[in-house]
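Here is a friendly walk through one protein model, written for someone who would rather look at a structure than at a list. Keep the viewer open as you read.

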Amino acid sequence: MPGGPDAISTFTFPNRIRFGAGAIGELPPELERLGVHRPLVVTDAGLVASGLLGATLARIPAITVFDGVHPNPTERDVADAMAVYREAGCDGIVGFGGGSPIDAAKAVRLLATHPGRLADYDVTTGGSDRIRPDLPPMIAVPTTAGTGSEVGRGALIQLPQTGRKTAVLSPFLLPSVAICDPELTLGLPPALTAGTGMDALTHCVESFLSTSYHPICDGISLEGLRLIARGLESSVSDGSDRAARASMMMGALLGGISFHKGLGVIHSLSHALGSEGRGHHGTLNAILLPHALRFNLGAARERMGLLAAQMGLGRNGDGPGHLITLTEILLARLPLPRRLGDVEGIDRDRIGIYARLAMEDHCHRNNPRPCDEESLAALLEDAW
Ligand SMILES: [Fe+2]
């Protein structure tokens, strides 16, 4: 709805953000400030082994660590973390990692004070209205530049009751504080840097193209895209490039804020494809991006031209087409698979099921071109 609101809009804005090299050192005083004395750190085993948290943990006396979060986290992960939270008498949560630990941490935070199961809070069945503000404090510390979950209101968890990645979404789920330290991403390998970076880029693109009215987010998505276009390839080719890493972490942060406006068909499809815990979320988005832009071209021509201009292209009146070509070239230059058929664990014979699950996902509701199962199946065929 680029021209103006057709209804009363609601703008909720993010949280306290501590950003910069070495910001992780601010974790103990930020916990103190929130009155958290017995925090639970929700993370994964790989991150504990990496030693990234070690020095900081040593400065927090009564800390408990749960390192059992899996990629594409499940209800089981959340229940296991919840049991540790209760047993240790915790009074606050730190989500430390990529999108999976931070989302799992948000889900633990929700269940700490809300009865029932996560499925009761599914955004597609009105669950957001059942989420109250009485949640324990939470600090999110991203170790990738991609997800934006540190400034997002939602968490995605695989639930057996819905058979899909299910979103719980509420402004109350925004982490109390985000600590964004680009130094934490210096050791991220090239493929993961590329996959997470393309997730961030997709957030900026999809939110800018989404149909809801949110000029604040529109401006933020354009600046996020500019920073990501500047930092992505450099951070992939030289992981120790501190300026590129800082660009990417801020770009991902802005991408995360921008999708308060909404996302689109790419995220519905990648959620569906990842519903069995397969495929890296950002990598699936990267593969789908040029196909989805082609799908949306007729409905979002003007805005796609603006995005192309933001990436330094499309000043000759052919911006929308340039944006598609640019994303194809970018994908070809990154160490990522280029077709869905190259992604392990997803199955072309299940395209009909993925299309149905994508229609059940909330993200496509703001997509510029309306979606149905048939058109989504065709889009997946295109990208396979
Ligand atoms: Fe995403």
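Leaving aside its neighbours within four places in sequence, which residues is Leu-135 in contact with? They are Arg-109, Leu-110, Thr-113, His-114, Phe-172 and Leu-173, where contact means heavy atoms within 4.5 Å.

Before going on, a word on the source: this is a predicted model, in which local features need pLDDT of at least 70 and side-chain atom pairs count only at pLDDT 80 or more, while totals for chains, interfaces and linings use all residues. Residues are numbered from 1 along each chain as its sequence is written, and side-chain values use heavy atoms, with hydrogens and water left out.

**Around Leu-135 and β5**

Leu-135 lies in the loop between α5 (99-113) and β5 (138-142); helices (H or I, at least four residues) and strands (E, at least two) are DSSP runs, numbered from the N terminus. With a relative accessibility of 14%, Leu-135 counts as buried. Here buried means under 20% relative accessible area, exposed means over 50%, and partly exposed is in between (1.4 Å probe, protein chains only). One of its contacts, Phe-172, is 37 residues away along the chain, and the two C-alpha atoms are separated by 7.7 Å.

Strand β5 itself is mostly covered, with five of its five residues buried. Met-138, Ala-140 and Pro-142 point one way, while Ile-139 and Val-141 point the other way. β5 pairs with strand β4 (residues 92-97) in the parallel sense over five bridges; two strands pair if DSSP finds at least two bridges between them. Within this pairing, Val-94 stands opposite Ile-139.

**The β6 and β7 hairpin**

Is strand β6 (residues 154-159) enclosed or open? Six of its six residues are buried, so β6 is largely enclosed by the rest of the structure. Gly-154, Leu-156 and Gln-158 point one way from β6, and Ala-155, Ile-157 and Leu-159 point the other way. Its partner is strand β7 (residues 164-169), in the antiparallel sense and over six bridges; Gln-158 has Lys-165 as its bridge partner there. Four residues lie between the two strands of this hairpin, and Gly-163 in the turn has a positive phi of about 70°.

Asn-72 also has a positive phi, about 50°, although it is not a glycine. Most residues other than glycine have a negative phi. You will find Asn-72 in the loop between β3 (64-66) and α4 (75-87).

**Three buried residues side by side**

| Residue | Place | Relative accessible area |
|---|---|---|
| Thr-196 | helix α6 (residues 190-209) | 9% |
| Asn-72 | loop between β3 (64-66) and α4 (75-87) | 9% |
| Tyr-354 | helix α13 (residues 351-360) | 1% |

Not counting residues up to four places away in sequence, Thr-196 touches Thr-144, Ala-145, Gly-146, Leu-188 and His-280.

**Rings and charges**

How many aromatic pairs does the model have? The count comes to one, under a rule that pairs rings of Phe, Tyr and Trp (its six-membered ring) if their centres lie within 6.5 Å, with planes under 30 degrees apart counted as stacked, over 60 as edge-to-face and the rest as tilted. The ring centres of Tyr-354 and Trp-384 are 6.4 Å apart and the planes are at 10°, so this pair is stacked. It links distant parts of the chain, 30 residues apart: Tyr-354 is in α13, and Trp-384 is in the segment after α14 (373-383). Trp-384 is buried too, with a relative accessible area of 12%.

In α14, the buried residues are Ser-375, Leu-376, Ala-377, Leu-379, Leu-380 and Ala-383. They pack against α9 (265-273), α10 (281-296) and α13.

Two arginines sit over rings, a term used if NZ of Lys or CZ of Arg is within 6 Å of the ring centre and within 35 degrees of the ring normal. The charged end of Arg-303 is 4.3 Å from the ring centre of Phe-208, and that of Arg-369 is 3.9 Å from the ring centre of Phe-295.

**The whole chain**

The protein chain has 14 helices and eight strands. Of its 384 residues, 57% count as buried. Along its principal axes the C-alpha trace spans about 60 × 45 × 45 Å.
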